[in-house]
Protein chains: 2
Amino acid sequence: MRVEDKRTVPAEASGERRPERPERAGRPKRDREATERRILDAARDLFGEHGYDGVTVREIAARAEANVALVNRYFGSKAALFGEVLTGESVIRGVIAGDPAGLPRRLAEHFVRQIDQRSATAMSRMLDRSAGQPEVKKILLRYLEDVIVQPIIAQLEGPDARARALLASTIIMGGGPVRRLFGLDDLRAADPAEVTDRLTAMFTAALAPPVRPEA
Amino acid sequence: MRVEDKRTVPAEASGERRPERPERAGRPKRDREATERRILDAARDLFGEHGYDGVTVREIAARAEANVALVNRYFGSKAALFGEVLTGESVIRGVIAGDPAGLPRRLAEHFVRQIDQRSATAMSRMLDRSAGQPEVKKILLRYLEDVIVQPIIAQLEGPDARARALLASTIIMGGGPVRRLFGLDDLRAADPAEVTDRLTAMFTAALAPPVRPEA
DNA sequence: ATCTTAGGTAGACGCTTGTTTACTTGCAAC
DNA sequence: GTTGCAAGTAAACAAGCGTCTACCTAAGAT
C-alpha cells in the first residue's frame, strides 16, 4: 500500500567515488570481516563516550561508514553489540591483577591515567546509562561482576570482602560521570602525583581489612 | 482530515467514580496547585529512580494521576520539570553545611543513610543519564556545582581545593550506579558502623589538605 | 439561571528509535 | 560470458517519544 517506488537513483549519483578517498587506503569494497571490525570499533568509541542509549545504531553505522542494517545483521541487536563491545573491553582486568598490596595504588594510577587520555573514559561511561532495558542491565551487571568485583574480592582478606569491593567500585564508577560533567581540566590542573596519592588512600580506605578485628 | 470523532464516551464510563476511591481522601476535582504538586512528587520519585531519560512524561502523568498534557502545560517542558525537581532536591545541602572537620563523617553518614532508604537514591540517579540533551547536562552541571562542589570547596583550605572536592564528588556520584546495579543487600549485609568508618576515611583522603605542604 | 474562565482531557502531530524487508551489486567459480 | 551467492543498500515498519491543539466541563461570579 505505502510502498511506492524504490531506487530511482543509481546508488551513488556521481560516477566513481571510492578511488578519490585518500584516507583509509584501499579498503576493499566488500569485506565482511573488515566491516564488522569497523562497526565494533565505532561502537566501542561511541558507547564509551555517550553510554548505551546515548548512542543510536544509525550513529554507529555512520561512524563505521556502513549501512544501518548491517549492525543488526552482523550482531543481532544493539544490545548484543553492546555486550560484544564489553567483552572486548578488559583493560581494567590487567590493572586489578597483581599483588594485593599494590592494588589500591594500581587502581589510583588507572584512574589518573584515564584523566589524561581523552578517549579512555570508555567503560565507566557505559555503566550508568543502563537502566533502560533490563536486558542491558543484566549484561552490564555480569560484566562488572566478572571483571571488577570478583577479581577484587579474590585479592581481599577478612570479612565483608564484597562490601569493601563495592566501595572501591563506587570510586571507579563515579569517575566517569564526574569527568564527563565537570571536564578534565580541573583534575588535570592538580599535581598528578598528589591526586594519585589521594586516590591511593581512598582505595586503601575502601579495601583494607578492618583495623580492629576484635575491639 | 484525520480527525474523525472525539469523545464518544462520557469521560469516565461508569457514573460517579471519585467517591469510591478510598485512598487519597477527598481530593478536590479541580485544584491546580494540588495537581502541580502531585506531578512534581511523581517526577521526583521517578527521576530519582530511573534518571532523566529513563522516565517518560506519560509515566510521570500516570503516577500523578494527571493528564499528560498537564505536565507540559504547568512546567513548560520535561527538561524544565527536571530542573524544578532538582532545585527542590537539596537534602545534601544540609549535609555539607556544618563544621569542616566533621564533613567527611557527615558525607559518609549520608551515603550510608541512602543505603537504608529505598527511594533515596534520588539525586545521584539523575546524574548519569544526562548526556542526551545538552540542555539537561547544563541544568545538571549547574546544580552539582551550586549544591555540592562549591559548598565543599568553601570548607576546604589549601591548594587544589577544587580537585579535592571533585574526588569527593566521585564517591557521591558513584554510589548511585553501584546501588542500582548491585542492589542494596551486599552493602547492607556489612556492619553499618564499619562501612561508615570506611567511607569517612575515603572522604577524608579525598578532602584533607596536603600532608606535605613543602617537601 | 447564565456566563465566563480556568482546570482537565483525548487525540493527533512530527520526530526518532531499533529492527526488518526487499532489493541491487560486486566478486568469484564455472 | 553467465550464474550464484554473499555483501551491501534504501526504504519502510511499528512503537515510542515529547509536545501541542481543540475540545469538554466543573465551579465561581454575575
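Helices here are DSSP runs of at least four residues, numbered from the N terminus. Keep that in mind as we walk through what is a predicted model, starting at the tail end of one chain.

Look for A:Pro209, which sits in the segment after helix H11 (192-207) of chain A. Is A:Pro209 buried or exposed? A residue counts as exposed if 12 or fewer other C-beta atoms lie within 10 Å of its own, and A:Pro209 has 12, so it is exposed. Setting aside neighbours within four places in sequence, A:Pro209 still touches A:Glu157 and A:Gly158. For a sense of scale, try picking A:Ala62: its C-alpha atom is 49 Å from that of A:Pro209, with the two positions 147 residues apart along the chain.

Now zoom out to chain A as a whole. It has 11 helices and zero strands, so to speak an unbroken run of α elements when you read along the sequence. Of its 215 residues, 35% are buried. Take the contacts in chain A with a separation of 6 or more: 70% of them join residues 24 or more positions apart.

Next, bring in the second chain. Rotating chain B by 180°, with 0.0 Å of shift along the axis, lays it on chain A with an RMSD of 0.1 Å. That is the relation of a two-fold axis. The same surface serves both copies, as 95% of the contact residues of chain B recur in chain A. If you want to find the axis on screen, head for B:Gly174, whose C-alpha comes closest to it among the residues of chain B, at 1.7 Å.

What does each side bring to the meeting? Chain B puts 42 residues in contact with 40 residues of chain A. On the chain B side, helices H7 (122-128), H8 (134-155), H9 (161-182), H10 (185-189) and H11 (192-207) each supply at least two residues. H9(B) gives the largest share, 16 residues. Sorted by class, that side of chain B has 25 nonpolar, eight polar and nine charged residues.

The nonpolar core is worth a look too. The largest one has 90 residues, and the members that touch the most others are A:Ala168, A:Met202, B:Ala168 and B:Met202. Click on A:Met202 and leave out its neighbours within four places in sequence: its contacts are A:Ile171 in its own chain, plus B:Met202, B:Ala205 and B:Ala206 in chain B.

Staying in chain B, find helix H1 (residues 32-50) and helix H4 (residues 78-88). They pack at an angle of about 85°, with their axes 10 Å apart, which makes H1(B) roughly perpendicular to H4(B). From H1(B) come B:Leu40, B:Ala43, B:Arg44 and B:Phe47, and they meet B:Leu81, B:Phe82, B:Glu84 and B:Val85 of H4(B). That contact comprises six nonpolar residues, no polar ones and two charged ones.

Finally, two loop residues with a backbone quirk. Most residues other than glycine have a negative phi. B:Glu65, in the loop between helix H2 (57-63) and helix H3 (68-75) of chain B, has a positive phi of about 55°. B:Asp160, in the loop between H8 and H9 of chain B, also has a positive phi, near 55°. Which of them is buried, and which partly exposed? B:Glu65 is partly exposed, because it has 13 C-beta neighbours inside 10 Å, whereas B:Asp160 has 20 and therefore counts as buried.

Key:
Residues are numbered from 1 along each chain as its sequence is written. Chains are lettered from A and ligands numbered from 1 in the order in which they are written. This is a predicted model: local features need pLDDT of at least 70, side-chain atom pairs count only at pLDDT 80 or more; totals for chains, interfaces and linings use all residues. Axes are lines fitted to C-alpha atoms, for helices over the stretch in contact, and angles run from 0 to 180 degrees between N-to-C directions. Angles under 35 degrees count as roughly parallel, over 145 as roughly antiparallel, 65 to 115 as roughly perpendicular and the rest as oblique. Two residues are in contact if their C-beta atoms, placed from the backbone, lie within 7 Å. Ala, Val, Leu, Ile, Met, Phe, Trp, Tyr, Cys and Pro count as nonpolar, Asp, Glu, Lys and Arg as charged, and the others, Gly among them, as polar. A nonpolar core is a set of buried Ala, Val, Leu, Ile, Met, Phe, Trp, Tyr and Cys residues joined through C-beta atoms within 7 Å. Copies are superposed by least squares on the C-alpha atoms of residues with pLDDT of at least 70 in both.
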